[in-house]
Amino acid sequence: MPSTDTLTVRDIAANSLAAVRVFEKFGIDYCCGGKRPLADVCRDKGYDTESVQSELDAAMAGAPPEERDWSTAPLADLADHIVGTHHAYLRRELPAIEARLAKVFRVYNMRYGPCLTGLPEVFRTLRSELESHMPKEEIVLFPAIAAYEAASNSGRPLPRMPFGTVANPIHMMEAEHETAGRCLTQIREITNNFEVPSYACVTYRALMSGLDELERDLHMHIHLENNILFPRAAKFEAAHK
Ligand SMILES: [Fe+2]
Ligand SMILES: [Fe+2]
C-alpha cells in the first residue's frame, strides 16, 4: 500500500469497505473531512499510525474462504458457525449501515432533492425483523437441533421438545427468511442495484457497498439454514422417530 504520509483517508476508504469499518471503529472521518493523509489524522487524534495501518492491512486482507463441507459436518458445528459468522455479522453491520444511511439520507435529500425514498423504512423493518429472528434460532431451534444430535450420538432417545416436531419452528424461520428476502429485493429496487451516482461521497459509496455485502451475506446465511441445516435436522428427526 502507498505511504500513509501521502495517501488520504478518503482514498483508502473509497476503495475498501473493510477500511471504512476500521475508520468507523477509530472515529476517523473518512468522508467530507477525509482529504488528509492518514498519518496526519492519526497524529492529531493521538493514534499510533502503525497500529492503525496494521489493522487496515489485516482488515483489507480479508477473511479466508469457507472450506468446510457443511453437508456432512456435525449439525451443532454448523449452527455454531452460523451464529459466530452470520449472526455476529448482522449484529455488527446492521447498526453501522443504519448510521451511514441516516447521514446519507439527510444530506442528499437536503442537497439534491428526493432520493433513496423509502430506504430508511425498509431498512428499519429488515433490521428489526432480523434482530428478533436471530434469538429464536439461538435460544430455541439451534439448541434443540444440537440436543437431538447429542442424544443420538450417545444412543439416547431424542428429547421431547415443547414445540412438538422440529418442522414447526423451521416453518416459522423459513417464513421470516422470506420477509427478509422481500426487504432485500426492495432495497435493491430503491437503490437501483446499489448504484453510486457520480457526485456520491465516500459515505454514500460505503452505504451502497455495505448493502451489497449485506445482501450477499444474508443470502449465504439463509442458504445454510434453509438448504442445509433445516433439511438435515428434519431428516435426522425422522430417522430417529
Ligand atoms: Fe440465522
Ligand atoms: Fe434464520
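This report walks through a predicted model, from its overall fold to its iron site and its salt bridges.

## The overall fold

Let's start with the big picture. The protein has eight helices and zero strands, so its pattern along the sequence reads α-α-α-α-α-α-α-α. Taken along the principal axes, the C-alpha atoms fill a box of roughly 65 × 40 × 25 Å.

How much of the protein is buried? Of its 241 residues, 44% are buried. Among contacts with a separation of 6 or more, 73% are between residues 24 or more positions apart.

## The iron site

Which residues hold the iron ion (ligand 1)? Its donors are His-87 (NE2), Glu-137 (OE), His-221 (NE2) and Glu-225 (OE), at 1.9 to 2.2 Å. If you like to find such residues by eye in the sequence, their spacing is H-x49-E-x83-H-x3-E.

The angles among the four donor atoms run from 89 to 171°, and the site is irregular. Four donors count as tetrahedral only if all angles lie between 85 and 135 degrees, and the upper end of the range here is 171°. A second iron ion (ligand 2) sits 3.1 Å from the iron ion (ligand 1). Glu-137 coordinates both of these ions.

## Helix H8

Two of the donors to the iron ion (ligand 1), His-221 and Glu-225, belong to helix H8, which covers residues 202–239. They are four residues apart there, about one turn of the helix, and both are buried.

Does the length of H8 agree or disagree with its residue count? At 1.5 Å a residue, its 38 residues should span 56 Å; the C-alpha atoms at its ends are 53 Å apart, which agrees. H8 also has a kink of about 30°, and the centre of that kink is Glu-225, the same residue that gives an OE donor to the iron ion (ligand 1).

## Salt bridges between helices

Side chains of opposite charge can pair when their charged atoms come close. In this structure, a search of the whole model finds 14 salt bridges. One of them joins the side chains of Glu-93 and Arg-21, at 2.7 Å from N to O. Because Glu-93 lies in helix H5 (residues 75–112) and Arg-21 in helix H2 (residues 17–26), this pair ties together parts that are 72 residues apart in sequence. Glu-93 counts as buried, at 2% relative accessibility, whereas Arg-21 is partly exposed, with a relative accessible area of 22%.

Helix H2 takes part in another such link. Glu-55 forms a salt bridge with Lys-25, and their closest N and O atoms are 2.9 Å apart. Glu-55 is in helix H4 (residues 49–61) and Lys-25 in helix H2, so the pair connects parts 30 residues apart in sequence. With a relative accessible area of 30%, Glu-55 is partly exposed, while Lys-25 is exposed at 59%.

## A pair within one helix, and a network

Where do Asp-40 and Arg-43 lie? Both are in helix H3 (residues 38–45), three residues apart, about one turn of the helix. Their side chains meet in a salt bridge of 3.3 Å, N to O. Asp-40 counts as partly exposed at 26% relative accessibility, and Arg-43 is exposed, with a relative accessible area of 59%.

Salt bridges can also share partners: in this way Arg-21, Arg-92, Glu-93 and Glu-213 are joined into one network.

Conventions
Residues numbered from 1 in each chain as written. Chains lettered and ligands numbered in written order. Predicted model: local features only at pLDDT ≥ 70, side-chain atom pairs only at ≥ 80, totals over all residues. Heavy atoms only, no water. Donors = N, O, S within 2.8 Å, 3.2 Å for Na, K, Ca; no water. Tetrahedral: all angles 85-135°; square planar, octahedral: opposite > 155°, others 65-115°. Helix = DSSP H or I, 4+ residues; strand = E, 2+ residues; numbered from the N terminus. Buried < 20%, exposed > 50% of the residue type's maximum accessible area, 1.4 Å probe, protein only. Salt bridge = Lys/Arg side-chain N within 4 Å of Asp/Glu carboxyl O. Expected span 1.5 Å × (residues − 1). Bend = angle between axes of the 7 residues up to and from the residue. Contact = heavy atoms within 4.5 Å.
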